[in-house]
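Here is a short report on a two-chain model. Look at the sequence and the structure first, then read on.

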Amino acid sequence: MTDMFRTPTRRAVLRGGAAAAVTALAAPAVLRAQPAAVKIGLLQPLSGFLAQAGDLARVGAEFAVKEINDAGGIKALGGAPVELVVGDSRSNAEAGAQATEELNSAGVVAIGGGFASGISLTATQAAARYDLPFLVDSAVADSITQRDLANTFRFGPNFSMATEIALANLVKLNDAAGSPAKTVALVHEDGLFGSGLAKLMQEKLPGLGFEIVEVISHPTPARDMSNVALRLRSLQPDLIIPSHYYNEFVLLARTLQQQRVKPKGIYAIFGGAASSYQFVKEYPDAAEGVFDCNHWGDPSNPIDAALQAEVEAQGKFYAYNAPINYSLVKVLAEAVEKAGAADRAAVTEQLASAEFASGVMPYGTTKFDASGQNASALPLNTQVQGGEIKVIYPAEYAQTEPKFPV
Amino acid sequence: MYSPLIVAEALLNGLMLGAVYALVALGLTLVYGVLHIVNFAHGAFLTVAMFGVWLAWDRLGMDPYLSMVLLVPAMGALGYAAQRWIIGPASRGADNSILLVTLGLSIVIQNGLLALFSSDTRTIDTDYAFQVVEVGPLLLSFPRVVGLGAALVTAVALWVILNRTDIGRAIRAVAKEKLGASLVGIDVAHVYAVTFAIGSACLGVAAALLMPVFYVEPNTGAAFVLVAFTIVVLGGMGSVTGALVGGLLIGVVESASSLWFGDSLGQIGIFLIFIAVLLIRPTGLFGARQ
């Protein structure tokens with residue numbers, strides 16, 4: 001109570017006065033010329049089989065832009081507003097490179113996004129030709145940041161980081177339940193993302209006491225999972241570890257349900273649907289109990305909830321694409337702010353050296369290492385429980401206890 | 001090694017998938033048998049039919065199976081019109097030209113669909129898409145059982161039309177001897193168009209059977225037609241029985257090879273068969289020896 005009636009200190013009065021003076025001086029400038037908008041590019045698949053993911057990413061990015069502009073734009077540039085320029089990668093790598101060229105022509109200072117590994121590889125390379133900084137969102141192939149491209153940074157965790165955490169948590173989950181799971185089947189899409197992950201799993205899982213009974217690959221988009229489900233029914237693995245995009249995950253989960261394949265758990269790593277509310281709401285029975293280790297916003301951050309509300313208000317289902325792209329735009333804007341200029345080289349320099357807030361992602365302070373990888377990126381483990389996606393690991397973000405075996 | 005039960009189920013799955021392949025192949029082989037050309041627009045027509053099913057569901061809330069009532073006559077009319085007023089006149093009677101006209105038509109249709117619907121994949125969600133029919137220990141997917149049944153009914157209907165009706169006799173007459181047929185008063189241009197209409201109507205049935213379990217985008221038809229070509233070659237160019245048997249066989253081969261080699265390599269068996277048939281028995285299983 002006493003604080004409320006405390007008389008202002010001399011220092012506070014001076015600060016206020018100074019601020020007022022600055023505002024007064026700045027006002028005529030605003031009348032004369034609005035500072036030029038800072039264009040930030042967003043590359044996402046807005047059509048094709050990944051269109052849904054790209055659409056959510058756009059909502060997240062727009063949310064960030066609105067927030068930045070409402071708070072007065074880029075202060076170092078006299079309050080210049082941020083303008084989002086969206087490029088459509090049409091869900092394929094060639095079109096991704098094309099769209100990057102278009103974003104370059106549009107004069108963006110940096111690009112964020114990419115979404116899929118294959119698209120991100122070609123898009124970052126295309127951007128490198130123009131020394132255009134590119135901050136990759138959720139694409140996980142390690143190779144993206146291992147090509148010595150000075151313009152390429154990745155905000156989210158890569159394969160190696162994520163699988164290490166996913167496997168450690170899997171062991172923790174299994175041990176806590178008295179080690180019910182011994183045999184594992186891997187089901188993965190046969191692109192860069194799925195095959196890379198499956199290869200890594202095949203190297204690591206046996207050392208952790210799991211026996212891999214089968215590795216099944218399928219193309220994306222897949223037409224049918226009946227034979228996959230049949231093989232799984234025949235093998236009866238304790239655990240199924242899937243890694244594929246949304247449609248295939250849904251197809252697999254529903255076919256497993258149809259064929260009455262009931263493993264002790266489905267433990268997805270970057271599962272396309274296990275962290276999407278569309279799957280959870282549309283097929284609650286197939287989704288219940290599914291684990292995922294994936295990009296996910298910090299559930300304790302109020303902006304995360306606001307973002308989810310915004311997505312749902314637009315009649316869409318929430319998934320990680322929104323929070324990660326929201327946060328990514330915030331990082332890029334902060335880089336422009338720190339660079340003090342809408343200049344590509346200066347922004348690249350800042351991304352390579354400075355530290356950034358991580359938006360709603362649970363990354364603490366974002367700092368990119370020499371390869372351009374965000375060293376503090378962290379995936380979260382979730383489980384679908386009672387129709388909600390709940391964080392179960394790590395402890396500092398956990399909302400509930402895991403249920404295993406399911 | 002898989003248990004016999006699993007293998008049996010995989011083979012049944014293949015049989016049911018093959019039934020839909022057979023439907024696509026039926027139209028193709030019929031047109032080949034009568035007009036002696038390969039209809040390159042067949043795939044594009046299938047895509048049109050699938051978008052038709054999707055539109056009926058999306059705009060009118062029509063069940064995909066029920067939409068056959070609309071689709072079959074509509075596709076028939078489309079096929080008739082395309083042959084009578086586009087392909088026929090544009091080719092000026094030369095077989096080679098017909099081939100090129102159908103190829104051109106397919107490109108126009110595909111890009112038209114791309115402009116209209118963009119490249120998004122579209123699916124239909126039905127309650128029964130993931131229901132199963134239990135036959136003893138076997139769990140059969142409901143839409144596939146329907147597919148198999150409908151394909152068999154369609155094949156029988158087609159056989160009846162060709163063998164028991166006047167238009168069927170006319171079609172067979174034109175197929176055997178065009179000049180002779182026109183001399184006895186058969187309107188060859190009309191028969192050509194009717195053949196196209198029947199082939200396209202089969203696609204209407206195939207589209208309705210596919211949509212509950214599959215997706216559509218402007219290039220979807222092409223994948224099926226590639227398989228359908230293999231079936232037509234395997235069964236014998238122009239043979240209805242061949243298309244049906246070939247379709248079922250190819251479905252089983254695809255299912256079996258995806259069970260043993262994985263889904264990524266599922267179609268490898270099909271194309272191996274394609275090459276083998278061309279080498280060993282170019283006339284196909286039921287094709288007339290020449």
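## A right-handed unit in chain A

β1(A), helix α2 (residues 51-70) of chain A and β2(A) form a right-handed β-α-β unit. A crossover is right-handed if, with the strands pointing away from the viewer, the path from the first strand over the helix to the second runs clockwise. Helices (H or I, at least four residues) and strands (E, at least two) are DSSP runs, numbered from the N terminus.

This is a predicted model: local features need pLDDT of at least 70, side-chain atom pairs count only at pLDDT 80 or more, and totals for chains, interfaces and linings use all residues. Residues are numbered from 1 along each chain as its sequence is written, while chains are lettered from A and ligands numbered from 1 in the order in which they are written.

## Strand β1 and its partners

Start with strand β1 (residues 38-44) of chain A. Six of its seven residues are buried, so β1(A) is largely enclosed by the rest of the structure. A residue is buried if 20 or more other C-beta atoms lie within 10 Å of its own, exposed if 12 or fewer, and partly exposed in between; C-beta atoms are placed from the backbone.

Which strands run parallel to β1(A)? One is strand β2 (residues 82-88) of chain A, joined to β1(A) by seven bridges. Another is strand β3 (residues 110-113) of chain A, joined by four bridges. Two strands pair if DSSP finds at least two bridges between them. L42(A) has a bridge partner in each: V86(A) in β2(A) and G112(A) in β3(A).

## Strand β8 and its partners

Strand β8 (residues 239-243) of chain A is mostly covered, with five of its five residues buried. L239(A), I241(A) and S243(A) point one way from β8(A). I240(A) and P242(A) point the other way.

Strand β6 (residues 183-189) of chain A pairs with β8(A) in the parallel sense over five bridges. There, A185(A) has I240(A) as its bridge partner in β8(A). Strand β9 (residues 265-269) of chain A also pairs with β8(A) in the parallel sense, over two bridges. Here the partner of L239(A) in β9(A) is G265(A). The chain gets from β8(A) to β9(A) through helix α8 (residues 246-258) of chain A, and this β-α-β crossover is right-handed.

## The nonpolar cores

A nonpolar core is a set of buried Ala, Val, Leu, Ile, Met, Phe, Trp, Tyr and Cys residues joined through C-beta atoms within 7 Å. The largest one has 131 residues. Those with the most contacts inside it include I40(A), I241(A) and V336(A). Helix α12 (residues 321-339) of chain A gives the most to this core, with 11 residues. Another core, of 92 residues, lies apart from it; A44(B), I98(B), F224(B) and V232(B) are among its members.

Two residues are in contact if their C-beta atoms, placed from the backbone, lie within 7 Å. Not counting residues up to four places away in sequence, V336(A) touches V38(A), I74(A), V109(A), A342(A) and V347(A).

Y326(A) lies in helix α12 of chain A. Is Y326(A) buried or exposed? Y326(A) is buried, because 27 other C-beta atoms lie within 10 Å. Leaving aside neighbours within four places in sequence, its contacts include G60(A), F63(A), L307(A) and V360(A). Y326(A) and V59(A) are 267 residues apart in sequence, yet 8.0 Å apart in space, C-alpha to C-alpha.

## The two chains as wholes

| Chain | Helices and strands | C-alpha span along principal axes | Buried share |
|---|---|---|---|
| Chain A | 13 helices, 14 strands | about 75 × 60 × 40 Å | 53% of 406 residues |
| Chain B | 11 helices, four strands | about 60 × 50 × 35 Å | 51% of 290 residues |

Among contacts between residues at least 6 apart in sequence, 68% in chain A join residues at least 24 apart. For chain B, 77% of such contacts do so.

## Where the chains meet

How many residues of chain B are in contact with chain A? There are 22, and they contact 25 residues of chain A. Elements giving two or more residues to this side of chain B are α1 (4-35), β3 (138-141) and α10 (240-261) of chain B. The largest share, four residues, comes from α1(B).
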